Amino acid sequence: MPELPEVETVVRELRRRIVGKTIDRVRVHWERSIHGRADEFRRRLANGTVRAVSRRGKFIGFELQDGTFFTIHLRMTGRLVQEPNAADKKHVRIEFRFRDGSALHFVDARKFGRLRLWPCKSQSCPGLGPEPLRAEMVRGTLQRLTTRRPLKTVLLDQTVLAGVGNIYADESLFAAGIHPLTPACQLDDGRREKLSRVLPDVLRGAIQRNGTTLRDYRTVAGARGENRERLQAYGRTGQPCFVCGATIEKIRISGRSAHFCPHCQRSLK
DNA sequence: AACAGCACCTGTAGGC
DNA sequence: TGCCTACAGGTGCTGT
């Protein structure tokens, strides 16, 4: 669920809350939430002090004073909370206890999220495309595309751009007036320029509103993201387009739902 | 290369 | 308060 804006929101909160804290121990309640050996993960983290928290695409990075580097990927329902409420308790998968008595809990109903140790920060998360927060970066990436795959599919490909998921792919294509099935190599200069400018804007706007809460996503403080009310296409199937009044449609593109306005996003026909 | 299909999991919503 | 199905913000693997 969490895409770049939601992960960025969580990272900013974690910086304030856990940088400088020393991990006393890690409790693993569901071993498969750890990529690799759980006992090694526990051992490497115990007694480590958090030096920095970072984001790369949808990965949250944690760097300890001794150089140990690990990531958390929230996938669909992963969340980080300091203290779980009654409903969260049955879904706590990993528990970090700090020396100062505070804690951080990885809560994940669907168990898709993963924690992973890497040799070091520079060798983590290989294969990710560039961050889509700057128009020049997006423009360069889109210019190099030679594939005929639908743009919607390409935007979801983390090796092309890191951090875009189903919500913001749909929202940025809507804002750019581009049909989600448009072959990536057939983007004309005007639409490419538009998408390059609009994608970073959509993401930054969502970050300002602490992300989009549909159901599970919460900030570390437990708040909902406020970007949902701004969605123009995602989740609005059957409702009128805010721009032209046409009915928002939902189709399937490579196994994912794609929401769009058949009038505002006509670049296919 | 690119796609479909399934796997990984649980919760929820809707139809009956 | 039952049963059954479809669907969900993500990714990775297999087979065609």
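User: In this predicted model, which residue forms a salt bridge with Arg-209?
Analyst: The closest N and O atoms of the pair are 3.3 Å apart. That falls inside the 4 Å cut-off for a salt bridge. The partner of Arg-209 is Glu-229.

User: How many residues apart are Arg-209 and Glu-229?
Analyst: Arg-209 sits in the loop between H6 and strand S10 (249-253). Glu-229 is in the loop between H6 and S10. The pair links distant parts of the chain, and the separation is 20 residues.

User: Is Glu-229 buried or exposed?
Analyst: The relative accessible area of Glu-229 is 63%. The cut-off for exposed is over 50%. Its partner Arg-209, at 24%, counts as partly exposed. Glu-229 itself is exposed.

User: Which parts does the salt bridge between Arg-139 and Glu-193 tie together?
Analyst: The closest N and O atoms of Arg-139 and Glu-193 are 2.8 Å apart. Arg-139 lies in helix H3 (residues 135-143) and Glu-193 in helix H6, so the bridge ties together parts that are 54 residues apart in sequence. The parts are H3 and H6.

User: What is the relative accessibility of Glu-193?
Analyst: Arg-139 is partly exposed, with a relative accessible area of 24%. Glu-193 also counts as partly exposed. The value for Glu-193 is 25%.

User: Is Glu-95, the salt-bridge partner of Arg-97, buried or exposed?
Analyst: The closest N and O atoms of Arg-97 and Glu-95 are 2.9 Å apart. Arg-97 is partly exposed, at 23% relative accessible area. Glu-95 has 7% relative accessibility, and under 20% means buried. Glu-95 is therefore buried.

User: How many salt bridges does the structure hold?
Analyst: Some of the charged residues are linked in a network: Glu-8, Arg-12, Arg-55, Arg-56 and Glu-131. The count for the structure is 19.

User: Which residues are closest to DNA strand B?
Analyst: The strand is surrounded by 13 residues. By class, this surface has three nonpolar, three polar and seven charged residues. The closest are Arg-32, His-91, Arg-110, Lys-111 and Thr-147.

User: What percentage of the atoms of DNA strand B within 4 Å of the protein belong to sugar or phosphate?
Analyst: Lys-90 has a polar side-chain atom 3.3 Å from a phosphate oxygen of DNA strand B. For His-91, a side-chain N or O atom is 2.9 Å from a phosphate oxygen of the strand. Bases make up the rest of the strand atoms within 4 Å, beside a sugar or phosphate part of 72%.

User: Which residue has a side-chain N or O atom 2.7 Å from a base oxygen of DNA strand B?
Analyst: The cut-off for a polar contact is 3.5 Å. A 2.7 Å pair falls within it. The residue is Arg-110.

User: What is the volume of the largest cavity?
Analyst: The count is one cavity of 30 Å³ or more. Its lining includes Ile-18, Val-50, Phe-62 and Leu-104. By class, the lining has eight nonpolar, no polar and no charged residues. The volume is about 40 Å³.

User: Which helix supplies the largest share of the lining of the second largest pocket?
Analyst: This pocket holds about 210 Å³ of space. Helix H5 (166-176) and helix H6 (189-208) each supply at least two lining residues. The largest share is four residues, and it comes from H6.

User: How many charged residues line the second largest pocket?
Analyst: Among the lining residues are Glu-171, Asp-201 and Arg-230. Five of the lining residues are nonpolar and three are polar. The charged residues number three.

User: Where is Cys-125, which has a positive phi although it is not a glycine?
Analyst: The phi of Cys-125 is about 45°. Cys-125 is buried, at 10% relative accessibility. Its place is the loop between strand S9 (114-118) and H3.

User: Is Arg-75 buried or partly exposed?
Analyst: Arg-75 has a positive phi of about 50° although it is not a glycine. The residue is in the loop between strand S5 (69-73) and strand S6 (78-81). With a relative accessible area of 43%, Arg-75 is partly exposed.

Definitions and conventions: Residues numbered from 1 in each chain as written. Chains lettered and ligands numbered in written order. Predicted model: local features only at pLDDT ≥ 70, side-chain atom pairs only at ≥ 80, totals over all residues. Heavy atoms only, no water. 1 Å grid on protein atoms, 1.4 Å probe; cavity = no way out; pocket = protein on both sides within 12 Å on 5 of 7 lines; lining within 4 Å. Points joined across faces, edges and corners; volume = space filled by probe spheres on them. Nonpolar A, V, L, I, M, F, W, Y, C, P; charged D, E, K, R; others polar. Near = heavy atom within 4 Å. Polar contact = N/O pair within 3.5 Å; in protein donor to acceptor, adjacent residues only side chain to side chain. Salt bridge = Lys/Arg side-chain N within 4 Å of Asp/Glu carboxyl O. Buried < 20%, exposed > 50% of the residue type's maximum accessible area, 1.4 Å probe, protein only.
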